[in-house]
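Q: I have a model open in front of me and would like to learn how to read it one feature at a time. Could you take me through it slowly?

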Amino acid sequence: MTGELLIFIFLFLVTITGGLLMINLTKVIHMVMALVLTFLGIAGLFILLSAEFVAVVQVLIYSGAITIIMLFGIMLTKHSEEEPKTGWAKKGFVFTGIAIFFFVIFFGIRNLSLGPQAENLHEKNTEQIGIMLFTDYVIPFELVSVVLLVSLVGAVILAKKDGKEKEGEEL
């Protein structure tokens, strides 16, 4: 058993534990902290895959920014302190769905050929990502930017619409 395998198993357990805690905890703040644990575990797995840039983005954006936004959203909205517990039937249904999804994906990719292994992934991967984004993938990159902008504008419009409806109800 190599050190890399031990680190992988540790990060796997951290990620799965964070996910399970997030599903099973009842307080929303605790759920968010469990989600941070999951994001950090995933970032560690990205480092093991020699994707340091993605790992840093994972930590900065998901573990940092998204979590802070979620905490502000929780603090600024009315919510019950504890979420209602779900029944065993619902948990069983969700677990069955997850197990079916796992087996479909497992058998789907078991004999998948991914082509030759890339040998220089760990060398200047941030530079390689930048070059690829601004040369070969510039159009998909710009399309994603437009989609994100449209979703942001849509979210603002929906949020303002709810506020106007509530003001109209109070009058």
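A: Let us begin with a single residue, Thr17, which counts as partly exposed because its relative accessibility is 39%. Thr17 is found in helix H1, and please keep in mind from the start that what you are looking at is a predicted model.

Q: How far apart are Thr17 and Thr38 in sequence and in space?
A: Along the sequence Thr17 and Thr38 are separated by 21 residues, while in space their C-alpha atoms are 7.5 Å apart.

Q: How should I describe the chain as a whole, and how many helices and strands does it have?
A: The chain has six helices and zero strands, and if you read along the sequence you meet the pattern α-α-α-α-α-α. Of the contacts with a separation of 6 or more, 62% are between residues 24 or more positions apart.

Q: What share of the residues counts as buried, and what does the chain expose?
A: Of the 171 residues, 13% count as buried. The chain exposes about 13,800 Å², and carbon and sulfur atoms supply 74% of that area.

Q: Which residues form the nonpolar patch on the surface?
A: The patch is formed by Met1, Leu5, Leu6, Phe8, Ile9, Phe12, Leu13, Ile16 and Leu20, which together have about 860 Å² of accessible area. To look at one of these residues in detail, take Leu13, which is found in helix H1, residues 3-24. A residue counts as partly exposed when its relative accessible area lies between the cut-offs of 20% and 50%, so Leu13, at 45%, is counted as partly exposed.

Q: Is Ser63 buried or exposed, going by its relative accessibility?
A: Ser63 counts as buried because its relative accessibility is 12%, and its place is in helix H3. Leaving aside neighbours within four places in sequence, Ser63 is in contact with Val36, Phe39, Leu40 and Gln58.

Q: Which residues does Phe46 touch, not counting those up to four places away in sequence?
A: Phe46, which belongs to helix H2, touches Ala51, Val54, Ala55 and Gln58 when residues up to four places away are not counted. Phe46 and Gln58 are 12 residues apart in sequence, and their C-alpha atoms are 8.8 Å apart in space. Phe46 is partly exposed because its relative accessible area is 25%.

Q: How are aromatic rings compared with one another, and how many aromatic pairs are there?
A: A pair of aromatic rings is described by the distance of the centres and the angle of the planes. With rings counted as a pair if their centres lie within 6.5 Å, the count comes to seven aromatic pairs. One of them is the stacked pair of Phe102 and Phe106, with 5.9 Å from centre to centre and 15° between the planes.

Q: Why are Phe102 and Phe106 separated by about one helical turn?
A: They are separated by about one helical turn because Phe102 and Phe106 are four residues apart in helix H4, residues 88-109. Phe102 is partly exposed at 48% relative accessibility, and Phe106 is partly exposed at 38%. Phe103 and Phe107 also form a stacked aromatic pair, with 6.3 Å from centre to centre and 20° between the planes. Being four residues apart in helix H4, Phe103 and Phe107 are likewise separated by about one helical turn, and Phe103 is partly exposed with a relative accessible area of 44%. Phe102, Phe103, Phe106 and Phe107 form one aromatic cluster.

Q: Which residue lies over the face of Trp88?
A: Lys91 lies over the face of Trp88, at 4.9 Å from the ring centre.

Q: What is there to notice about the phi of Ser50?
A: The general idea is that most residues other than glycine have a negative phi. Ser50 is not a glycine, and yet its phi is positive, at about 65°. Ser50 lies in the loop between helix H2, residues 28-48, and helix H3, residues 52-76, and Ser50 counts as partly exposed because its relative accessible area is 25%.

Conventions: Residues numbered from 1 in each chain as written. Predicted model: local features only at pLDDT ≥ 70, side-chain atom pairs only at ≥ 80, totals over all residues. Heavy atoms only, no water. Patch = residues over 30% accessible without salt bridge, like charges linked within 9 Å, V, L, I, M, F, W, Y side chains within 5 Å. Areas by Shrake-Rupley, 256 points an atom, 1.4 Å probe, with all protein chains shown as cover. Salt bridge = Lys/Arg side-chain N within 4 Å of Asp/Glu carboxyl O. Helix = DSSP H or I, 4+ residues; strand = E, 2+ residues; numbered from the N terminus. Buried < 20%, exposed > 50% of the residue type's maximum accessible area, 1.4 Å probe, protein only. Phe/Tyr/Trp six-rings, centres within 6.5 Å; stacked < 30°, edge-to-face > 60°. Lys NZ or Arg CZ within 6 Å of the ring centre and 35° of its normal. Contact = heavy atoms within 4.5 Å.
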